[in-house]
Amino acid sequence: MSDHYTANPGRYNTMPYRRSGNSGVLLSSLSLGLWHNFGDVDRYDNSRQMVLTAFDNGICSMDLANNYGPPPGSAEETFGRIMQQDLKSHRDELFISTKAGHLMWPGPYGEWGSRKSLLASLDQSLKRMKLEYVDIYYSHRYDPNTPVEETVGALIHAVKSGKALYAGISKYPADVAKKAFAMLRDAGVPCLLHQIRYSMLLREDGDNLFDLHRKEGVGCISFSPLAQGVLTEKYLHGIPKESRAAKESGFLKVNQVLPLVEKVQKLHDIAIKRGQTLAQMAIAWQLTDDRITTVLIGASSPDQILENLKALNNTKFTSEELIKINKILDTPPFWDGMA
Ligand code: NDP
């Protein structure tokens, strides 16, 4: 990609956009997350090309957090640089998020869910990204030691002050999420999205939360759909040198990968029969589920983004395939919401 960027005029031709809960917001079926591979330790040109490849293919939803890097804060700085260099004139086509809640700076205000922490962090994030506002501001994790009213109050303030257009929560247990949704709705700032970890391999309490989201009219953004890369071919024959599991700065550890390889091989066999890569099948499996608004992928190269986008070409599963997949995943099949 040359230094001068011109956006692909066909960028909206193939991406389906989905409505987030009961809101007016449509999001690209895939979102791009900047958790890994956008920090100071990474090559700027690769990070830039990933963001531009995503944008050129209709991915308008970009997910950040104060602590993404490493070092913390540097992914927002990288993104700010790309915004200035390439995407400034496209600001209104982008749906940009950030979050606060995990450790960001030393002392008692640098993490968790106090009003002090959330509002100070938002100001820092806007400076790093050189933005006037973010599209959605999330509480990154539930803080059991702060009244949820205080955390939610900070989100409401962020929206009412114009520094965020919408509010969201991430990784909240269902009972607290329910409370947060009610408080946000009562304040006239309905929760736009709940961010949850969800993949073929790690469903956590997703299945319980989906009912709540539907009842409350809240959208759902599923993160780590490839289980950080485990749901690809890359670990079938060992741990490649450049993979996340091999990197010291990565959050995926070799001992998390190895016990899953047998299961992944079986899923891979099904993907091949469907004419897809395993990554594409793992994403398609989520896209076929209308309880998920947008699937939040990560990548370490533009080519991975292009490969993963091809998941959109085949999102239909036969009931036979679903039965086989569920048998491998060892969980009861769920048909509700499956196309
Ligand atoms: P994924 O599960 O999509 O994993 C992405 C990783 O998988 C890539 O970095 C790459 O790793 C590998 N990969 C992707 N595509 C391919 C492919 N086609 N072939 C081979 N390998 C591939 O998502 P992430 O875990 O990165 O999470 C996505 C986003 O979700 C984050 O960036 C963040 O925005 C959000 N998130 C939110 C959290 C929260 O607390 N709310 C927590 C975690 C994530 P490799 O380096 O090995 O190539």
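**Close-up views of a predicted model**

**View 1. Strand E7 and its parallel neighbours.** Strands E6 (residues 134–139) and E7 run parallel and are joined by 5 bridges. Everything shown here and in the following views belongs to a predicted model. If you would like a landmark for the pairing, look for Val134, which stands opposite Ala164 in E7. To get from E6 to E7, the chain passes through helix H4 (residues 148–160), and this β-α-β crossover is right-handed. On to the next pairing: E7 and strand E8 (residues 191–197) also run parallel, with 4 bridges joining them. Here a handy landmark is Ile169, whose bridge partner in E8 is His194. Helix H5 (residues 174–186) carries the chain across from E7 to E8, in a β-α-β crossover that is right-handed.

**View 2. How enclosed is strand E7 (residues 164–170)?** Of its 7 residues, 6 are buried, so strand E7 is largely enclosed by the rest of the structure. As background for reading any such view, side chains in a regular strand alternate between the two faces of the sheet.

**View 3. The shell around the ligand.** Let us move to the ligand, which is surrounded by 30 residues. Gly33, Trp35, Phe223, Gly229 and Gly298 are the closest of them. Sorted by class, the shell holds 15 polar, 10 nonpolar and 5 charged residues. Two elements, strand E10 (294–297) and helix H10 (302–309), each supply at least two residues of this shell. Which element gives the most to the shell? That is H10, with 3 residues.

**View 4. Helix H2 and what covers it.** Helix H2 (residues 74–87) has 14 residues, and at 1.5 Å a residue these should span 20 Å. The C-alpha atoms at its ends are 18 Å apart, which agrees with that expectation. Seven names are worth finding along the helix: Ser74, Ala75, Glu76, Thr78, Phe79, Ile82 and Leu87 are the buried residues of H2. Their cover includes two helices, H1 (44–56) and H3 (115–129), together with strands E4 (61–63) and E5 (95–100).

**View 5. Two cis peptide bonds in the loop between E4 and H2.** This loop contains both Pro70 and Pro71. Begin at the bond between Gly69 and Pro70, which is cis with an omega of about -5 degrees. Then step along to the bond between Pro70 and Pro71: this one is cis too, and its omega is about -10 degrees.

**View 6. Positive phi at Ala227 and Gln228.** Neither residue is a glycine, yet phi is about 50 degrees at Ala227 and about 65 degrees at Gln228. Ala227 lies in the loop between strand E9 (219–223) and helix H7 (254–257), and Gln228 is found in the loop between E9 and H7 as well. Are these residues buried or exposed? Ala227 has 20 C-beta neighbours inside 10 Å, so it counts as buried. Gln228 has 25 such neighbours inside 10 Å and therefore counts as buried too.

**View 7. Gly24, in the loop between strand E1 (17–19) and strand E2 (26–28)**. Our last stop is an exposed residue: Gly24 earns that label because it has 7 C-beta neighbours inside 10 Å. Asp45 is 21 residues from Gly24 along the chain, and the C-alpha atoms of the two are separated by 34 Å.

Conventions. Residues are numbered from 1 along each chain as its sequence is written. This is a predicted model: local features need pLDDT of at least 70, side-chain atom pairs count only at pLDDT 80 or more; totals for chains, interfaces and linings use all residues. A residue is near a molecule or strand if its C-beta atom, placed from the backbone, lies within 6 Å of it. Ala, Val, Leu, Ile, Met, Phe, Trp, Tyr, Cys and Pro count as nonpolar, Asp, Glu, Lys and Arg as charged, and the others, Gly among them, as polar. A residue is buried if 20 or more other C-beta atoms lie within 10 Å of its own, exposed if 12 or fewer, and partly exposed in between; C-beta atoms are placed from the backbone. Two strands pair if DSSP finds at least two bridges between them. A crossover is right-handed if, with the strands pointing away from the viewer, the path from the first strand over the helix to the second runs clockwise. The expected span of a helix is 1.5 Å times one less than its number of residues. Two residues are in contact if their C-beta atoms, placed from the backbone, lie within 7 Å.
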